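Hi,

Here is the structure I promised to pass on to you. Have a look at it first, and then read my notes underneath.

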Amino acid sequence: MLRIAVPNKGMLSEPACTMLSEAGYRLRSNPRQLVVEDPDNDVELFYLRPLDIAVYVGRGTIDVGITGHDLLLNSGTDAEEVMDLGFGASTFRFAAPQDSDIRELADIQGKRVATSFDKLVHDYLVEQGIEAETIHLDGAVESSVQLGVADLIADVVSTGTTLRNAGLRIFADPIVHSEAVLIRSPRLDAQDERLIRLSRRLQGVLTAKRYVLMDFDIPVEKVSAAVSVTPGFESPTISPLHDKQWSAVRVMVPKAQVNQVMDQLYEVGARGIIVTAIQASRM
């Protein structure tokens, strides 16, 4: 039975569970349930702290897990990324007080940096040739400067509002860009059919979210022009209509470009353009 670790709480939890549900896996029926067996799919779900998932996958008996790219880097384990999951995007950055003279990366030399991701920050500073003290704090680190624990912080940034409210200013390039990823244990073969099946299902969910089906009719002599507008995921399906002067075309189109594509197709000569959501897919 494939053991899958799922974030128990935090910003990764809900989208991760939604994705697994849409991929056909059974989820827990109440938030206190920490283990769920799904014999129909031959998997067992373990709801764990997001910070711990990479450790359980890299060093324990969990086969695969969903966590953040930044959390994986900070874990220091041998767990390996399998695929990006398209949610939970964030950046990890340095921030210093508004009136501080710390304004660029070199200014961190000799300073104290408070963070919950001490390994990630330490490794990054070493890579940049900067010597600084990394101070580990669990939870919010925004108050560490004001309370005299550190000179600056390194933390996950989405909008930056929380840092600004704490009187902090973001500076320097991001330490890392992160999003949710599927990771696997080093003991699980990359070609394991259970992992391949899980990856294929999750990729199918991503495709269903990012693409729609578009059907339209087009004069035969304009099919080539229409196909140049909508080349499709692999290739369009083109079928003859009762009126031999027309063809019917079915094609996958990126959801974010639907209206622009419909406008272009109409100008080419397409009519009866219909868009349908994709419930599920296997590509």
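Below is what turned up, going from the open pockets to the enclosed space and then to the charged residues.

One thing before you start: this is a predicted model.

**Pockets**

The largest pocket has a volume of about 740 Å³. It is lined by 31 residues, and those closest to its centre are Met11, Leu71, Phe117, Asp155 and Val156. If you want to find it by elements, look at α2 (50-59), α3 (69-75), β9 and α5 (161-165), each of which supplies at least two lining residues. Sorted by class, that lining has 12 nonpolar, 12 polar and 7 charged residues.

The second largest pocket comes in at about 170 Å³. Around it you'll find Arg49, Leu51, Val55, Leu71, Asn74, Ser75, Ser116, Asp118, His136, Asp138 and Gly139. Two elements, α2 and α3, give two or more residues to this lining, and the largest share, 3 residues, is from α3. The class split here is 3 nonpolar, 5 polar and 3 charged. Leu71 is worth clicking on, by the way: it is among the residues closest to the centre of the largest pocket, and it also lines the second largest one.

**The cavity**

How many cavities of 30 Å³ or more does a search of the whole structure find? Just 1, with a volume of about 50 Å³. Its lining is made up of Leu2, Tyr25, Asn41, Asp42, Val43, Arg194, Arg197 and Leu198. Helix α6 (residues 193-210) contributes the most, with 3 residues. By class, the lining has 4 nonpolar, 1 polar and 3 charged residues.

**Salt bridges**

There are 9 salt bridges in the structure, and I'll go through a few of them.

- Asp40 pairs with Arg26, with 3.8 Å between the closest N and O atoms. Asp40 is in the loop between β2 (35-38) and β3 (43-48), while Arg26 is in the loop between α1 (13-22) and β2, so the bridge ties together parts 14 residues apart in sequence. Asp40 counts as exposed, at 67% relative accessibility, and Arg26 as partly exposed, at 40%.
- Arg112 pairs with Asp151, and here the closest N and O atoms are 3.2 Å apart. Arg112 belongs to strand β7 (residues 112-115) and Asp151 to the loop between β8 and β9, so this pair links parts that are 39 residues apart in sequence. Both partners are partly exposed: Arg112 has a relative accessible area of 28%, and Asp151 is at 24% relative accessibility.
- Arg194 meets Asp192 in a salt bridge of 3.1 Å, N to O. Arg194 is partly exposed at 23% relative accessibility, whereas Asp192 is buried, with a relative accessible area of 17%. You have met Arg194 already, as one of the residues lining the cavity.

**A charged residue without a partner**

Finally, take a look at Glu142, in the loop between β8 (133-136) and β9 (152-157). Glu142 is buried but has no salt bridge, and the nearest side chain of opposite charge, Arg164, is 12 Å away. So what does Glu142 touch, not counting residues up to four places away in sequence? The contacts are Ile153, Asp155, Thr162, Leu163, Ala166 and Leu168. Asp155 is a familiar name too, being among the residues closest to the centre of the largest pocket.

Cheers

Notes
Residues numbered from 1 in each chain as written. Predicted model: local features only at pLDDT ≥ 70, side-chain atom pairs only at ≥ 80, totals over all residues. Heavy atoms only, no water. 1 Å grid on protein atoms, 1.4 Å probe; cavity = no way out; pocket = protein on both sides within 12 Å on 5 of 7 lines; lining within 4 Å. Points joined across faces, edges and corners; volume = space filled by probe spheres on them. Helix = DSSP H or I, 4+ residues; strand = E, 2+ residues; numbered from the N terminus. Nonpolar A, V, L, I, M, F, W, Y, C, P; charged D, E, K, R; others polar. Buried < 20%, exposed > 50% of the residue type's maximum accessible area, 1.4 Å probe, protein only. Lys, Arg positive; Asp, Glu negative; His and termini not counted. Salt bridge = Lys/Arg side-chain N within 4 Å of Asp/Glu carboxyl O. Contact = heavy atoms within 4.5 Å.
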